[in-house]
Amino acid sequence: MVSEGTDMFKVIVSKKEVVAAVLPMQEHWLPLSNLDLLLPPVDVGLFFCYQKPNISSSSSSSPDNKLIYSCSFESMVGVLKKALAETLASFYAFGGEVVPNSVGEPELLCNNRGVDFIEAFADVELKHLNLYNPDQTIEGKLVLTKKHGVLAVQVTELKCGGMVVGCTFDHRIADAHSANMFMVSWAQTAAHSSDSDSDTNSKARLPCFRRSLLNPRRPASIHPSIDHMYIPVTALPPPKHAHPEVAAGGAEINNHHDHDHLISRIYYVKAHQLDHLQKAASCIHNHNHGHVNCSNSSSSRTKLESFSAFLWKMVATCHAHDNHDHAQKLCKMGIVVDGRKRLTQGNNNNNNNNNNMESYFGNVLSIPFGSIKVEDLIQKPLHWVAAQVHEFIQAAVTKDHFLGLIDWVEAHRPVPGLARIYATGSQEGPAFVVSSGQRFPVSKVDFGWGRPAFGSYHFPWGGDAGYVMPMPSPSGNGDWVVYMHLSSKHMELIENQAHPVFTPFTFDYLNI
């Protein structure tokens with residue numbers, strides 16, 4: 001399906017500079033936590049699209065606090081840079097550099113090196129931007145490839161007077177929770193609205209860099225399930241050479257089928273479709289009485305579990321469509337789990353530690369996964385697949401799991417570890433990871449000239465598995481926006497077979 005919109009436009013860079021924290025900073029080293037050390041050196045992109053503001057612009061997060069100023073692109077960029085310099089004083093990790101220590105592990109040098117800040121112009125109107133295909137419109141155009149430091153920013157003026165704010169950050173330093181905190185704080189600093197909206201202010205908390213919150217235990221206690229989820233890089237199998245010519249002569253000849261590479265697409269899913277999936281995933285067929293029970297609270301599934309189970313079935317179906325020997329193939333799916341709340345379990349009398357974990361800046365993630373035969377995923381009903389999703393997630397939603405994962409990294413240092421599904425996921429069949437972006441604060445990234453018309457992560461992560469992130473729609477009506485990075489052949493079949501669940505995104509959806 002071809003989305004309306006264009007990816008044929010030029011981006012012209014007009015200015016490059018470095019924005020550093022406004023306050024002088026004592027240079028110091030910040031070690032990465034054991035959970036940071038599980039991340040490979042990959043960058044994460046995210047972007048926010050804004051319509052042309054009015055001359056008198058009211059901050060949507062503070063309707064009583066009108067910001068009257070010239071809404072020229074130059075003046076808005078000035079606001080962004082000034083607020084960024086102020087925000088980096090607290091979020092100083094984003095203004096540093098990652099360097100190896102004496103044993104080769106990455107560490108963060110907090111030297112106020114600053115953030116590369118690029119100003120650009122794109123000869124395209126917002127409503128004509130083809131976000132359905134971010135590989136062509138976002139990657140390297142509106143979200144730049146970071147060359148230095150931890151964070152890079154590009155602000156692009158559009159032909160219609162709108163704007164795109166694109167950011168790229170080093171995943172070893174921050175996860176999505178951390179990046180979301182930063183974006184809200186940056187926006188509030190720009191809009192000067194933190195005092196007038198207590199709810200927004202509570203979200204724009206100051207970051208906590210207290211690494212001792214994630215110290216390993218003495219003695220260590222590591223559950224065997226962690227060896228199923230993670231692998232030291234020294235235990236990885238040798239890289240697969242797609243062509244004998246590579247191994248023999250060193251010349252890389254691309255014989256990959258064009259339909260088998262990973263591509264990125266953005267879809268939307270209507271709220272009623274999500275409700276339907278959740279209801280179907282929560283139903284259990286009673287064989288003794290011949291009826292379906294959808295009211296059993298013990299079998300109720302979340303929207304994320306239900307959506308993930310549906311996608312798992314679809315990927316397996318697509319794989320079978322293209323592979324006649326699929327019967328014994330395995331299809332793997334991982335779910336990213338944030339450990340912040342899990343690590344505060346049992347800390348009822350320590351509110352300080354609980355608050356610190358909620359505002360902790362860094363990576364606090366685990367990726368449990370399930371592995372099921374393609375044939376079973378196709379034949380079993382959705383509620384059975386959703387139950388498998390629920391079951392494998394349970395292995396990683398405890399305090400003991402995250403403490404054990406910290407201990408596991410410590411036991412293998414300085415040898416790095418990786419999530420197995422990222423490193424070797426597709427060896428036995430298709431594999432992908434779902435990461436919930438339901439806390440993506442798209443409505444709160446208001447720099448003073450209105451909420452974003454659209455926002456999304458962009459993460460072609462380079463792993464051995466696909467990556468999917470469902471986020472709340474900017475419409476605020478319960479719909480989801482879904483970023484998908486999957487095999488092109490699977491994506492095409494999913495569009496054809498899962499319509500109308502997945503609808504290619506266009507700005508018509510948002511009435512722009």
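Does leucine 144 count as buried or exposed, and at what relative accessibility? At 11% relative accessibility, leucine 144 counts as buried, where buried means under 20% relative accessible area, exposed over 50% and partly exposed in between (1.4 Å probe, protein chains only). The model is predicted: local features need pLDDT of at least 70, side-chain atom pairs count only at pLDDT 80 or more, and totals for chains, interfaces and linings use all residues. Residues are numbered from 1 along each chain as its sequence is written, and side-chain values use heavy atoms, with hydrogens and water left out.

Leucine 144 is placed in the loop between helix 2 (134-137) and strand 9; helices (H or I, at least four residues) and strands (E, at least two) are DSSP runs, numbered from the N terminus. Leaving aside residues up to four places away in sequence, leucine 144 touches Ile118, Ala152, Val153, Gln154 and Thr168, a contact being heavy atoms within 4.5 Å. The C-alpha atoms of leucine 144 and isoleucine 118 are separated by 8.9 Å, although the two residues are 26 apart along the chain.

Strand 9 also belongs to an open sheet of six strands, ordered 1-8-9-10-3-21 with mixed pairing; two strands pair if DSSP finds at least two bridges between them. Strand 1 and strand 21 are the edge strands, each pairing on one side only. From one strand to the next the twist averages 15 degrees; axes are lines fitted to C-alpha atoms, for helices over the stretch in contact, and angles run from 0 to 180 degrees between N-to-C directions. Within this sheet, strand 8 and strand 9 run parallel and are joined by seven bridges. Phenylalanine 117 has valine 153 in strand 9 as its bridge partner.

Two helices pack on the sheet. Helix 1 touches strand 1, strand 8, strand 9 and strand 10, and its direction makes about 165 degrees with that of strand 8. Helix 3 touches strand 3 (43-50), strand 9, strand 10 and strand 21, and its direction makes about 140 degrees with that of strand 10. The buried residues of helix 1 are Phe73, Met76, Val77, Leu80, Lys81, Ala83, Leu84, Ala85 and Thr87. Their cover includes strand 1 (11-19), strand 8 (115-122), strand 9 (151-158), strand 10 (163-170) and helix 3. An α-helix has 3.6 residues a turn, so residues three or four places apart point the same way. The 15 residues of helix 1 should span 21 Å at 1.5 Å a residue, and the end C-alpha atoms are 21 Å apart, which agrees; the expected span is 1.5 Å times one less than the number of residues.

Helix 8 (residues 303-322) can be examined likewise. Its 20 residues reach 29 Å from first C-alpha to last, close to the 28 Å expected at 1.5 Å a residue. Of the 20 residues of helix 8, 16 are buried, so the helix is largely enclosed by the rest of the structure.

A further open sheet has three strands in the order 2-7-6, with antiparallel pairing. Its edge strands, strand 2 (28-31) and strand 6, each pair on one side only. The twist here averages 40 degrees from one strand to the next. Strand 6 and strand 7 (residues 106-110) pair in the antiparallel sense over four bridges, and valine 99 stands opposite glutamate 107 in strand 7.

The structure also holds 30 aromatic pairs. Rings of Phe, Tyr and Trp (its six-membered ring) pair if their centres lie within 6.5 Å; planes under 30 degrees apart count as stacked, over 60 as edge-to-face and the rest as tilted. The rings of phenylalanine 91 and phenylalanine 182 have centres 5.5 Å apart and planes at 75 degrees, so this pair is edge-to-face. Phenylalanine 91 lies in the loop between helix 1 (73-87) and strand 6 (97-100), and phenylalanine 182 in helix 3 (residues 176-191), so the pair ties together parts that are 91 residues apart in sequence. Both phenylalanine 91 and phenylalanine 182 are buried. By contrast, phenylalanine 447 and tryptophan 449 form a stacked pair, because their ring centres are 5.9 Å apart and their planes at 25 degrees. Ring pairs link these four residues into a cluster with others, including Tyr50, Trp186 and Phe361.
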